[in-house]
Amino acid sequence: MKRLRAIASVNDALLINRTSRRSSRQLSTALHRVSSSPSTSTPRTRLSTLELRIPSKLCIPNRHASSSSAPSGLKKTPLYDLHLAYGGKMVPFGGFHMPVQYTDQSVSVSLHFTRSHASLFDVSHMVQHQFSGPGSKAFLERITPTSITGLEVHRSGLSTLLWPVTGGIVDDTIITRLGPQSFYVVTNAACREKDLKYFGEQLEEFKKNGGEKVEWEILEGWGLIALQGPLSEDILSSILVEPEETKLKEMYFGHSKFIRVKLPGGEASSPLLVSRGGYTGEDGFEISIPQAEAVAVTEALLKNATKEKLQLAGLGARDSLRLEAGMCLYGHDLDDSTTPVEAALSWVIGKNRRTGGGFNGDEVVLRQLTPKSKGGSGVERRRIGLIVEGAPAREGAEIVDEKGEKIGNITSGCPSPTIGKNIAMGYIKDGFHKSGTNVEVVVRGKKRKAQVTKMPFVPSRYWKGAAPA
């Protein structure tokens, strides 16, 4: 490429490409080993309340803002060469070389293909962690508002890491319980340096306050792919080693299990952690893969399904899909100064946590759950969705009332290929957040009519079981 720079959004990435040249270790075994023999050495980063060392080589600068200088030290996911072979247009994102789209598909075509067939996204830039040991549940309940106690084995849930005192969101995360004392946690690539420091500091504090031992391992170099779209189940089923025993149809949204698949050479993969869910609003699966098998598993899916059913998709389609699904992008729709209540994520706060508290920032967050009229503190702003007339509203655009006074700002926005309207997400002054409220958005100096609307903009199609007859 002629130039590389850190990008603030996928839209920046697409702009870069217009001016650029075209260009084994089983997780289940690791979990058992950590639980049964903590002293066993591992080539991957291992941190615990007894040994809190964060190697500098793992810390990638947090790049939420654009920079005119070329980024150095960009990493490659295990699928980097495969992306190039399939015509991937690579851009810097979250400290990695990532495909923003592919030469044979526009972003819009790729998005439609995901919704009608299935697409495969490389999300190996995300940081995969494992927390285990007798103190792991208590530790996770300290740093998140989720009810970890009520999370069943092989169940997943979205949550937020919170700052002490303020209750601001450090990062959003997915937590999967793999055993009584074993948890799989995924965090954002762009927050890597901050999150590693945060986990280290919080573990040290947990230990000082008498917390039991926690083992923390980063699954460095592992692959993570997202198979998304209505054909996902059929595509994954076709390469299962034991399809009848696996029973994907009984694996609902938010469930996970270890699954083996047939590799291109005919051999079976190691057990792969497969979770039903994703970032597109469509049915699908996220698959965690040891580095040595990442390419083979990806090629097994692509070649067996053929391009008529499954195609690779990049960051461009992923960003539009997630916005249509009403999902947040950290560093844009969420940040350190935003609480779960302000972000319309109050549902991540477990029922027992609302009464018992015990998590970072609980005094602030729990008071916000109750409006001022009922004795709480309420919130001054709320995350909302908007349908915007005329030109699309992008991040940073101001939301104004009928008098022209600023009442909010846009954090994400794009034309929606699915509904044919300009959609946006942002924060608005409390009282203007109700669906149907008419406001205006300032786009390139001109006021555009907009209306607050419920999210998701496109109905989600997660698999939660067959609808009653």
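**Reading strands and their partners**

Biologist: Strand 7 (residues 156-162) and strand 8 run antiparallel and are joined by seven bridges; what holds the strands of a sheet together?

Modeller: In general, the strands of a sheet pair through backbone hydrogen bonds, in a parallel or an antiparallel sense. Strands here are DSSP runs of E with at least two residues, numbered from the N terminus, and two of them pair if DSSP finds at least two bridges between them. In this case, L161 has D171 of strand 8 as its bridge partner. This is a predicted model, in which local features need pLDDT of at least 70 and side-chain atom pairs count only at pLDDT 80 or more, while totals for chains, interfaces and linings use all residues. Residues are numbered from 1 along each chain as its sequence is written, and side-chain values use heavy atoms, with hydrogens and water left out.

Biologist: How many residues lie between strand 7 and strand 8 in their hairpin, and how many between strand 8 and strand 9?

Modeller: The hairpin of strand 7 and strand 8 has six residues between the strands, and V165 there takes a positive phi near 70 degrees. Strand 8 and strand 9 form a hairpin with two residues between them; these strands run antiparallel and are joined by five bridges, with G179 standing opposite S182.

Biologist: Is strand 8 largely enclosed or left open?

Modeller: Ten of the eleven residues of strand 8 (residues 169-179) are buried, so strand 8 is largely enclosed by the rest of the structure; buried means under 20% relative accessible area, with a 1.4 Å probe and protein chains only.

Note on methods
Buried means under 20% relative accessible area, exposed over 50%, partly exposed in between (1.4 Å probe, protein chains only). Helices (H or I, at least four residues) and strands (E, at least two) are DSSP runs, numbered from the N terminus.
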